[in-house]
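Thanks for making the time this morning. I would like to walk you through one model, beginning at its surface and then working inward.

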Amino acid sequence: MPENKSYESDGETTTPRVNFFGRERPVHAILGGGKVADVLLWRNQKLSATLLFGVTAIWYLFEVVEYNFVTLFCHICITTMLIVFIRSITAEYFGWNPPKIPELISNEDAFREVVSTFHRRLNALLGKFLHIAGGNDPLYFFLVLTSLYIISVIGSIFNFLDLLFVGFLCVETLPYLYARYEKEVEYHAGQMTKKASKMYKRFDSRVLNKIPRGPVKENKRT
């Protein structure tokens, strides 16, 4: 999908302001417009904070405390069963409501919404990847190759769980920061896009155009 660009004057030059994702729609609509978007944009602050705290606690237990997965899973199940047992006894004694399954798991519509949003974003990402990998956008082709190489270098330094944790932090914070500082991000992204375009044009004129190409053969009709 091509990016829409608006232009802002910056002294003598005009810097394009990149409008990511088309930007005809708000960020909330681009992220699915449902409960998942509310969590990523911190509109439901309690759920977003709980999710962030939970993932951070899991990462801390595995990486810092060096818990074994099976041991941790069994301890969590034991603790959960004891809490449910005590809660059920006290609920029966004091006349409270018994423990229930969380709505996000028990509600079929909410669960389908999460899966549908993930499936839709995955298909869009794969379609964009195939479009770039097919050589339809040379600039983004080189940018993606460079980004993948940088990620591979980072992956050789950190383990897989650390990368997952950093990726979750990015997913949990970057959409919110982008929505909050949208104009500043798009302005600086426009400057970076302008510099990248100049570098690619220079590379194209000095390297790609000098690569010898064979003559184009015309199809003969019999």
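**A walk through the model**

On the surface there is a nonpolar patch of about 660 Å², and the residues that make it are Y149, I150, V153, I154, I157, F158 and L163. Please keep in mind, here and throughout, that this is a predicted model. Helix α7, which covers residues 138-157, supplies the largest share of that patch, namely 5 residues. L163, which is also part of the patch, sits in helix α8. With a relative accessibility of 31%, L163 is classed as partly exposed, because that class lies between the 20% limit for buried and the 50% limit for exposed.

Let me step back to the whole chain for a moment. The protein has 9 helices and 2 strands, and reading along the sequence one meets them in the order β-β-α-α-α-α-α-α-α-α-α. There are 222 residues, of which 17% count as buried. The accessible surface of the protein amounts to about 17600 Å², and 66% of that surface belongs to carbon and sulfur atoms. As for how the chain contacts itself, if we take the contacts with a separation of 6 or more, 52% of them are between residues 24 or more positions apart.

Helix α8, residues 160-180, also holds D162, and this is a residue I would like to spend some time on. D162 is buried and yet has no salt bridge. Where, then, is the nearest side chain of opposite charge? That side chain is R121, and it is 26 Å away. What is D162 in contact with, once its neighbours within four places in sequence are left aside? The answer is W59 and E63.

That brings us to E63, which lies in helix α3. Its relative accessibility is 26%, so E63 counts as partly exposed, whereas D162 is buried. Although E63 and D162 are 99 residues apart in sequence, their C-alpha atoms are 8.1 Å apart in space. Again leaving aside neighbours within four places in sequence, E63 is in contact with N159, L161 and D162.

Staying in helix α3, which spans residues 45-64, we also find S48. Is S48 buried or exposed? At 0% relative accessibility, S48 counts as buried. Its contacts, with neighbours within four places in sequence set aside, are D38, V39, W42 and E172.

Now to the interior. The largest nonpolar core consists of 6 residues, which are V27, L31, A37, L40, L41 and Y178. If we look at L31, and once more leave aside its neighbours within four places in sequence, the residues in contact with it are A37, L40, L41, T117 and P175. A37, L40 and L41 are themselves members of that core.

One last position is V114, which is found in helix α6, residues 108-133. V114 has a relative accessibility of 35%, and therefore counts as partly exposed. Along the chain, V114 and G34 are 80 residues apart, while their C-alpha atoms are separated by 8.6 Å.

If you take one residue away from this talk, I would suggest D162, which is buried without a salt bridge and is in contact with W59 and E63. I am happy to take questions.

Notes:
Residues numbered from 1 in each chain as written. Predicted model: local features only at pLDDT ≥ 70, side-chain atom pairs only at ≥ 80, totals over all residues. Heavy atoms only, no water. Core = buried A, V, L, I, M, F, W, Y, C linked by side-chain atoms within 4.5 Å. Buried < 20%, exposed > 50% of the residue type's maximum accessible area, 1.4 Å probe, protein only. Contact = heavy atoms within 4.5 Å. Helix = DSSP H or I, 4+ residues; strand = E, 2+ residues; numbered from the N terminus. Lys, Arg positive; Asp, Glu negative; His and termini not counted. Salt bridge = Lys/Arg side-chain N within 4 Å of Asp/Glu carboxyl O. Patch = residues over 30% accessible without salt bridge, like charges linked within 9 Å, V, L, I, M, F, W, Y side chains within 5 Å. Areas by Shrake-Rupley, 256 points an atom, 1.4 Å probe, with all protein chains shown as cover.
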